[in-house]
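Me: I am new to this structure. Please pick one helix and look at it closely, then work outward from there to the rest. Where would you start?

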Amino acid sequence: RKALAEEVPLRAVLRDHRGAVAISMLLTWLLSAGIIVVILMTPTVLQSPTYGFTAKVALQANSLAIVFLSLGCIVSGALADRFGAGRVFVVGSLALMISSWTLYHTLPTHPEWLFPLYAVTGGFVGVIGAGLMASQFALLFARKLRVPVLITDLDQARVDKGVAYVHGEIDKLNAKGRLNADKTNRLKALVTGSITKEAFSDADVVIEAVFEDLKVKQQVFAEVEAVVSETCVLLTNTSSLSVTAMAENLAHPERVVGFHFFNPVALMPLLEIARAEKTDDASLATAFALGKSLKKSCVLVQDAPAFVVNRLLTRFLGEVIAAYDEGTPFEVVNSALDPLGLPMSPYVLIQLVGPAVAFHTGETLHQAFPDRFRVSENQRRMVEAGTTTLLAWDGATPRIADDVAALFEVGDAP
């Protein structure tokens, strides 16, 4: 203004008033940074356990806050305009207010536009199942997202066991000095349980981790779909079943996504994300945003039997198991893959994932590709007998447990 009024070169004005200019620039930067922090943090704060608002309400409140902020900017710009500046500030604030007000009124009818933001800023996550894998999910969501996590299962005893596992793992982190007392209590308060799926009515994301049976998973999703909102994304941790088949009977199959973790969940970085035939872009984007928030390496895979990793792994394991069934000594087959540098031996891995899960994955792949994947009758006998402990560790190396060996029929042609 001084340069225009007194016909003085702008460079000279900036040179003579560089102190005031520097302070003005600093204050402008601080104000802008403060506005950005407010805009980004408002949804997260409102969705925290302290306030407990849903993602949609939090984002609407954020839009409303931007409107009032814009009004304040307009007033400030009008005052500044009296001294020769501020028109751009006023126009920009008006545009910001109009866009925010439009967003506020549009969210109830088109919340899917902001699905990725839901995943990044947090929300309410539901976990179906309270077994070891499901409990690991709950712990991961609570630690990485700092959002409420609700576990459900068939009865209160299973729910209590799952919640107790998560709380116990958090206590271990506290004992190791990785969490202070305040963070420990906050994390434990985030993880709760229920025996009714109606508790998922306000959930933004629900992930199932029930037994690997297509009918069971279809039934679970049908029950969940009846209570959740139309914008809730449904994730399945299946390791071998068709995500498309799992969603085919739902009213909104477009929101079902494969979300396959590896065990142990906290340590394994890979996350396979499978797009079913009707999965829409918004749901897929949410799955990737959620995986990124969990610090996982997300890979898009085809909705095919066992996806990528388990198809390759089951091929390896199938040959090892077949060699043992034909009569090759256990010590030989269990160390056969050592040159590949795998983190554990084949039978130790089967013990970790569970004999029933390993058998079911092999059976699924045998049905899809009978010429490539075989089904071990010894494995079938073990699963049908309800045996969960495959190995005995009474020496330097593992061996087949005696009760399991009694079930096996081993050949004499190694």
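Reply: Start with Leu-352, in helix 15, which spans residues 346–353. This is a predicted model. Is Leu-352 buried, partly exposed or exposed? Its relative accessibility is 36%, so Leu-352 counts as partly exposed. The reasoning is short: a buried residue has under 20% and an exposed one over 50%, so 36% falls in between.

Leu-352 has partners at the surface. Together with Met-344, Val-353 and Val-357, Leu-352 makes a nonpolar surface patch. The patch covers about 260 Å².

Now turn to the cavities. Helix 15 also has a part in one of these, as it gives two or more residues to the lining of the second largest cavity. How many cavities of 30 Å³ or more does the structure hold? There are two. The second largest has about 50 Å³ of space. Its lining includes Tyr-347 and Ile-350. Helix 13 and helix 17 also give two or more residues each. Among the other lining residues are Ile-321, Tyr-324 and Asp-325. Asn-378, Gln-379 and Met-382 line this cavity too. So do Leu-390 and Phe-408. What classes do the lining residues fall into? Seven are nonpolar, two are polar and one is charged.

Follow helix 13 to its end. Helix 13 runs over residues 309–325, and Glu-326 sits in the loop between helix 13 and helix 14 (330–334). The side chain of Glu-326 meets that of Arg-374 in a salt bridge, at 3.9 Å from N to O. This pair links distant parts of the chain, with the two residues 48 residues apart. Arg-374 is in the loop between helix 16 (355–368) and helix 17 (377–384). Why does Glu-326 count as partly exposed? Its relative accessible area is 37%, which means it lies between the 20% and 50% limits. The pair is also part of a network of salt bridges, which links Arg-315, Glu-319, Glu-326 and Arg-374.

Go back along the chain, to the loop between strand 8 (297–302) and helix 13, where Ala-306 lies. Phe-307 is in the loop between strand 8 and helix 13 as well. Phi of Ala-306 is near 70 degrees, a positive value in a residue other than glycine. Phi of Phe-307 is positive too, near 55 degrees. Are these residues buried or exposed? Ala-306 has 0% relative accessibility, so it counts as buried. Phe-307 is buried as well, at 4%.

How many salt bridges does the structure hold? The count is 18. Two further pairs are worth a look. Asp-281 bridges to Arg-275, with the closest N and O atoms 2.6 Å apart. Asp-281 is exposed, because its relative accessibility is 56% and the limit is over 50%. Arg-275 is partly exposed, at 32%. The other pair is Glu-208 and Lys-217, whose side chains meet in a salt bridge of 2.8 Å, N to O. Both Glu-208 and Lys-217 are buried.

Next come the strands and their loops. Val-205 lies in strand 4. It is buried, with a relative accessible area of 7%. Val-205 and Ser-283 are 78 residues apart in sequence. In space, their C-alpha atoms are 10.0 Å apart. Ala-203 lies in the loop between strand 3 (191–194) and strand 4 (205–208). Ala-203 has a relative accessible area of 2%, so it is buried. How far is Ala-203 from Val-227? They are 24 residues apart in sequence and 9.6 Å apart in space, C-alpha to C-alpha.

One last stop is a peptide bond. The bond from Asn-263 to Pro-264 is cis, with omega near 0 degrees. Pro-264 is found in the loop between strand 6 (256–260) and strand 7 (270–275).

Note on methods: Residues numbered from 1 in each chain as written. Predicted model: local features only at pLDDT ≥ 70, side-chain atom pairs only at ≥ 80, totals over all residues. Heavy atoms only, no water. Salt bridge = Lys/Arg side-chain N within 4 Å of Asp/Glu carboxyl O. Buried < 20%, exposed > 50% of the residue type's maximum accessible area, 1.4 Å probe, protein only. Helix = DSSP H or I, 4+ residues; strand = E, 2+ residues; numbered from the N terminus. Patch = residues over 30% accessible without salt bridge, like charges linked within 9 Å, V, L, I, M, F, W, Y side chains within 5 Å. Areas by Shrake-Rupley, 256 points an atom, 1.4 Å probe, with all protein chains shown as cover. 1 Å grid on protein atoms, 1.4 Å probe; cavity = no way out; pocket = protein on both sides within 12 Å on 5 of 7 lines; lining within 4 Å. Points joined across faces, edges and corners; volume = space filled by probe spheres on them. Nonpolar A, V, L, I, M, F, W, Y, C, P; charged D, E, K, R; others polar.
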